[in-house]
Amino acid sequence: KPLPLTFRIRQTADPDAVKAFQSKLAKISSDRIRPSTFALLYDDNNCSRMTAPAYQATCSKAALTAEMKQLLLVYSQNGVVTRQELGSMLPVTALHQAGYLKQRSSKVCLQMLDMCASPGSKMLRALELILTGTATAQNNTAAQQKKSKRAALLVANDILESRLEALQQAVTRSGMPRTNQITYTCQDATRLELRAATSGGNENKALSAALLQFDVILCDVPC
């Protein structure tokens, strides 16, 4: 059975733009798109019921009206919403809930590696949570988020150059602030050597040995 269409609101999006999107969605979606909730088990004995900043179609993609598709297209291009499956949201949300997406100290930045990063939805979700610092930070202004001092170094690796290029394009399209915290590598993850990388599309000096001590490592191996 095909997976349902799901999308979420970016937590770094401008609050006024979010309200505008939600207002338009409520007017045209009828009962075809609804908010999505899921149960998240993130500790041995602690299960939290939380509302994801996500929506789920109750019909097939083909049954969505042209107006709905256009609304999603426009607000995807301006960085307010992004298409992402719920199963892709869960790993990063679990890491956040368990406290793994926080700086170790004010002087030591969070270091995260995504070994099979393309198409980048998990990496971008992690960056959102790191920048906002909370899963309910939509009340923050965009200016406050851009001034955030919460530093991180996120290493996005993929084995194929074409997939890595698609990832970099997705990051650019996202319109998110501080994407320069993402460093890109194109290597076989089973033989990963973090000695040279590109950051923001430009050649970067060798990564330090400290980068081998990651706080978080994601590995969602392609089928």
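Two rings of Phe, Tyr or Trp form an aromatic pair if their centres lie within 6.5 Å. By that criterion, the structure described here holds three aromatic pairs. The structure is a predicted model, and the aromatic pairs offer a friendly way into it.

One pair joins phenylalanine 7 to tyrosine 55. Their ring centres are 5.4 Å apart and their planes differ by 15°, an arrangement that counts as stacked. The two partners come from distant parts of the chain, with their positions 48 residues apart: phenylalanine 7 belongs to strand E1 (residues 6-9), whereas tyrosine 55 belongs to strand E3 (residues 46-57). Both phenylalanine 7 and tyrosine 55 are buried.

Another pair is made by phenylalanine 21 and tyrosine 75. Here the centres are 5.2 Å apart and the planes meet at 55°, so the pair counts as tilted, falling between the limits of 30 degrees for stacked and 60 for edge-to-face. Because phenylalanine 21 sits in helix H1 and tyrosine 75 in helix H2, this pair ties together parts of the chain that are 54 residues apart in sequence. Phenylalanine 21 has a relative accessible area of 0% and is therefore buried. Tyrosine 75, with a relative accessible area of 7%, is buried too. Taken together, Phe7, Phe21, Tyr55 and Tyr75 make up one aromatic cluster.

The two helices that carry phenylalanine 21 and tyrosine 75 also pack against each other. Helix H1 covers residues 15-28 and helix H2 residues 66-77; their axes are 10 Å apart and form an angle of about 170°. Since that angle is over 145 degrees, H1 runs roughly antiparallel to H2. On the H1 side, the contact is made by Ala17, Ala20, Phe21, Lys24, Leu25 and Ile28, and on the H2 side by Glu67, Met68, Leu71, Leu72 and Tyr75. By character, the residues of this contact comprise nine nonpolar and two charged ones, with no polar residue.

Leucine 25 gives a closer view of this region. This residue is part of helix H1 and has a relative accessibility of 6%, which is why leucine 25 counts as buried. Beyond residues up to four places away in sequence, leucine 25 touches Phe7, Ile33, Tyr55 and Leu71. Among these neighbours are Phe7 and Tyr55, the partners of the stacked pair. Leucine 71 lies 46 residues from leucine 25 in sequence, yet the C-alpha atoms of these two residues are 7.7 Å apart in space.

Across the chain as a whole, there are six helices and ten strands. The chain has 223 residues, of which 44% count as buried. Among contacts with a separation of 6 or more, 74% are between residues 24 or more positions apart.

Further along the sequence, a cis peptide bond connects serine 118 to proline 119, with omega at about 10°. Proline 119 is located in the loop that runs between strand E5 (110-114) and helix H4 (121-132).

Two threonines illustrate other surroundings. Threonine 172 is in helix H6 and, with a relative accessibility of 65%, counts as exposed, because the cut-off for that class is over 50%. Its C-alpha atom is 9.9 Å from that of glycine 79, although threonine 172 and glycine 79 are 93 residues apart along the chain. Threonine 179 lies in the loop between helix H6 (161-174) and strand E7 (182-185). Its relative accessibility of 22% places threonine 179 in the partly exposed class. Apart from neighbours within four places in sequence, threonine 179 contacts Leu127, Val171 and Ser174. Between threonine 179 and leucine 154 the C-alpha distance is 9.3 Å, for a sequence separation of 25 residues.

Confidence in the prediction varies along the chain. The average pLDDT is 76, and 72% of the residues score at least 70. In residues 134-148 the pLDDT falls below 50, and this stretch has 27 contacts in the model beyond near neighbours in sequence. Residues 196-206 also have a pLDDT below 50, with 22 contacts in the model beyond near neighbours in sequence.

Notes:
Residues numbered from 1 in each chain as written. Predicted model: local features only at pLDDT ≥ 70, side-chain atom pairs only at ≥ 80, totals over all residues. Heavy atoms only, no water. Axes fitted to C-alpha atoms, helices over the stretch in contact; angles between N-to-C directions. Helix = DSSP H or I, 4+ residues; strand = E, 2+ residues; numbered from the N terminus. Parallel < 35°, antiparallel > 145°, perpendicular 65-115°, else oblique. Contact = heavy atoms within 4.5 Å. Nonpolar A, V, L, I, M, F, W, Y, C, P; charged D, E, K, R; others polar. Phe/Tyr/Trp six-rings, centres within 6.5 Å; stacked < 30°, edge-to-face > 60°. Buried < 20%, exposed > 50% of the residue type's maximum accessible area, 1.4 Å probe, protein only. pLDDT = per-residue confidence, 0-100.
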